[in-house]
Amino acid sequence: MTGDYIVTYRADVTDEDHVFKALADPTRRFLLDLLFQRDGRTLKELESGLAMTRFGVMKHLKVLEDAGLVVTRRSGREKLHFLNPVPIRLIHDRWIDKYREREVSALVALKTKLEERE
Amino acid sequence: MTLMTDKAATTQVYRVFIKASPQVIWDAITKPEWSDRYAYGGRVEYDLRTGGRYCHKASAEMKSMGLPDEIIIGEVIESDPPHKLVQTWHPVWDPDSAAEAHTRLTYEIKENQGGICTVTIIHDVAGAPIVAGMVSGQGDPAQGGGGWPWVLSDLKTLLETGQRMAA
């Protein structure tokens, strides 16, 4: 029944590329940190924390938005920026957990081996 | 202006792209046979009319840990299947969060080209700082701290692959 919705992960590879690229820049990580401290900020608030032109900040926000790390919503006349942690969660689940599991099982094996020798 | 900014600061927004139809995603959110299959499990009950009752029932595992039968309660504010659901959301399993204000939860499902939907959760947690921390997903998912990021991540995995993600 859910078999109809099986997809190859080709499409998501590009999603992940966007996220990794977006996170590779210190200014963009700083912008995410600002939103982590307090969410739902305007462009004006975000640019006041950076020694950068409005255009530069907008460019960085666009990269973050394309990667899904920032979601914007209109509230009256203002456009508010929200941090979206879901893409980071997805990368964590697909990549980090996988490798951590192996590391943990390697440590468990090592422990067993060492204890056997005692 | 100040009021708006305050409101923004108590609003959390989560978004994920899922390759599934809006109806399937809607069902996964509102039907008990689906809700039991991802994230923390447990069956939801929705009366999808304005003012209708919502509750999320504890799974067998949660009950064995001593949680009550109903762990989250709420009321449907707006239901526009399969695109928009607005409801109140009030976790009552823990006395601290139960004492806080009822929060407002919005699900938006938008269909894009190529059969991919944008699923957005907007959670207004004004007056509920404990709930805000609970749903933000900064804890360990295995200890119940996965929040919306983990719920959406697991929902995506289930709908796209038919399988569960490891907790």
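Which residues have the most contacts inside the largest nonpolar core? In this predicted model, local features need pLDDT of at least 70 and side-chain atom pairs count only at pLDDT 80 or more, whereas totals for chains, interfaces and linings use all residues. Residues are numbered from 1 along each chain as its sequence is written, and chains are lettered from A and ligands numbered from 1 in the order in which they are written.

The largest nonpolar core (buried Ala, Val, Leu, Ile, Met, Phe, Trp, Tyr and Cys residues joined through C-beta atoms within 7 Å; buried denotes 20 or more other C-beta atoms within 10 Å of a residue's own, with C-beta atoms placed from the backbone) comprises 44 residues. Those with the most contacts inside it are A:Leu64, B:Ile18, B:Ile25, B:Val119, B:Leu152, B:Leu155 and B:Leu159. Helix α7(B) supplies the largest share of this core, 7 residues.

In chain B, 7 strands (DSSP E runs of at least two residues; helices are H or I runs of at least four, and both are numbered from the N terminus) form an open antiparallel sheet in the order β1-β7-β6-β5-β4-β3-β2. Strands β1 (11–18) and β2 (44–46) of chain B each have a single partner strand, so one side of each is left without a neighbour in the sheet. Pairing, which requires at least two DSSP bridges, is antiparallel between β2(B) and β3 (residues 53–57) of chain B, over 3 bridges. B:Glu45 stands opposite B:Cys55 in β3(B).

Helix α7 (residues 147–161) of chain B packs on the sheet, touching β1 and β7 of chain B. Contact denotes C-beta atoms, placed from the backbone, within 7 Å.

Terms used. Two residues are in contact if their C-beta atoms, placed from the backbone, lie within 7 Å. Axes are lines fitted to C-alpha atoms, for helices over the stretch in contact, and angles run from 0 to 180 degrees between N-to-C directions. A residue is buried if 20 or more other C-beta atoms lie within 10 Å of its own, exposed if 12 or fewer, and partly exposed in between; C-beta atoms are placed from the backbone.
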